[in-house]
Structure formats: C-alpha cells, structure tokens
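Hi,

Here is the structure I promised to pass on to you. Please have it open while you read, and my notes follow right below it.

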Amino acid sequence: MMQKKLLKCIGIVICSLIVLTAVGLFSLSAGETKDTVRPNSKVAVPKYTFTVYQDKLALYERGYAMPVEIFDVYLDTLPKEEQEKIKAGICAESDAEIQKIIEDYTS
C-alpha cells in the first residue's frame, strides 16, 4: 500500500518535472525569438513580383495567387540568365519600377 503511494508520488513528480522543463524550454525559445528580432528591422516584402505564369512573364501583387497581368513574353525566348532572374522573382515597389521592367522585357 505504501509502495503504491510512493510510486504514485514519484510518477507525479516526474510528470511535473517534464511539464516544467517543456514550459521552460518554450519560454526560453520564445524569449530568444523576441530578443533576436529588432523592432526597427523589417524584412522587405515586395508589393509586386514579376515571375512565371504558364511559361510567360507575369506580374503578381503581394497576397494574390493569380497574376495581375500576363505578358506575351515567353520565357524560352529569353537568355538563360534572364530566365533565371524571372524564375527567382523580380521585385518592384512602385509604378515606375513596374513600367521599367515591362519596357525592358516587352520592347
């Protein structure tokens, strides 16, 4: 009888230690994340990206799955270096940047 109580107490202590360890580790990792992210440092996410849609040059707006515009510029007609740039994504923030990139690839 006494052994059962002792084993039960040991089990409760072990479970408590496991829970406390998990909570502690979670707290530490959450604290590291907050400390490593500086409030003034923001990762620039482009508003627009030129990339590929059905083997053509396309303009995507951030947050949308479908292109805003698809151009009659087939990737296989461009030099390999340009194809790689487009596949990786060409970022644009302003209308002027968009217009310049369109002119570069359509003229």
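Asp 55 counts as exposed, because its relative accessibility is 55%. Asp 55 also has a positive phi of about 65°, although it is not a glycine, and it is found in the loop between S1 and S2. Please keep in mind that this is a predicted model.

Asp 55 shares that loop with Gln 54, which is likewise found between S1 and S2. Is Gln 54 buried or exposed? With a relative accessible area of 60%, Gln 54 is exposed. Gln 54 is not a glycine either, yet its phi is positive, at about 50°. The hairpin of S1 and S2 has two residues between the strands.

On either side of that turn, the two strands are joined in the antiparallel sense over six bridges. If you want a pair to look for, Thr 49 stands opposite Tyr 60 in S2. Strand S2, residues 56-61, also pairs with S3, again antiparallel, this time over three bridges. There, Lys 56 stands opposite Tyr 74 in S3. S2 is mostly covered, with five of its six residues buried.

Now for the wider view. The protein has three helices and four strands, and from the N terminus on its elements run α-β-β-β-α-β-α. The four strands form an open sheet with antiparallel pairing, in the order S3-S2-S1-S4. Which strands are at the edges? They are strand S3 (69-74) and strand S4 (90-92), each of which pairs on one side only. From one strand to the next, the twist averages 30°. As a reminder, strands of a sheet pair through backbone hydrogen bonds, either parallel or antiparallel.

Two helices lie across this sheet. Helix H2, residues 80-88, lies across strand S1 (48-53), S2 and S4, and runs at about 115° to S1. Helix H3, residues 95-106, lies across S1, S2, S3 and S4, and runs at about 140° to S4.

H2 is worth turning around on your screen. Its buried residues are Glu 82, Gln 83 and Ile 86. Why are these on the same side of H2? They cover an arc of only 105° around the axis, which puts them there together. The general rule behind this is that an α-helix has 3.6 residues a turn, so residues three or four places apart point the same way. What covers the buried residues of H2 includes S1, S2, S4 and H3. On the other side of H2, Lys 80, Glu 81 and Ala 88 are exposed. H2 is followed by Gly 89, whose phi is positive, near 105°.

Next, the interior. The largest nonpolar core has 15 residues, and those that touch the most other members are Phe 50, Leu 57, Phe 71, Ile 86, Ile 98 and Tyr 105. S1, S2, S3, S4 and H3 are the elements that give two or more residues to this core. Which element gives the most to it? That is H3, with four residues. In soluble globular proteins, nonpolar side chains tend to be buried together.

Leu 57 is a good residue to click on if you want to see this part from the inside. Not counting residues up to four places away in sequence, Leu 57 touches Phe 50, Thr 51, Glu 69, Ile 70, Phe 71, Val 73, Leu 75, Ile 86 and Tyr 105.

Finally, a few totals for your notes:

- Buried residues make up 21% of the 107 residues in the protein.
- The protein exposes about 8,700 Å², of which carbon and sulfur atoms supply 61%.
- Among contacts with a separation of 6 or more, 35% are between residues 24 or more positions apart.

Best wishes

Definitions and conventions: Residues are numbered from 1 along each chain as its sequence is written. This is a predicted model: local features need pLDDT of at least 70, side-chain atom pairs count only at pLDDT 80 or more; totals for chains, interfaces and linings use all residues. Side-chain values use heavy atoms; hydrogens and water are left out. Two strands pair if DSSP finds at least two bridges between them. Axes are lines fitted to C-alpha atoms, for helices over the stretch in contact, and angles run from 0 to 180 degrees between N-to-C directions. Contact means heavy atoms within 4.5 Å. Buried means under 20% relative accessible area, exposed over 50%, partly exposed in between (1.4 Å probe, protein chains only). The arc is that of the directions from the helix axis to the C-beta atoms. Accessible areas come from the Shrake-Rupley method with a 1.4 Å probe; for residues, only the protein chains shown count as cover. A nonpolar core is a set of buried Ala, Val, Leu, Ile, Met, Phe, Trp, Tyr and Cys residues joined through side-chain atoms within 4.5 Å.
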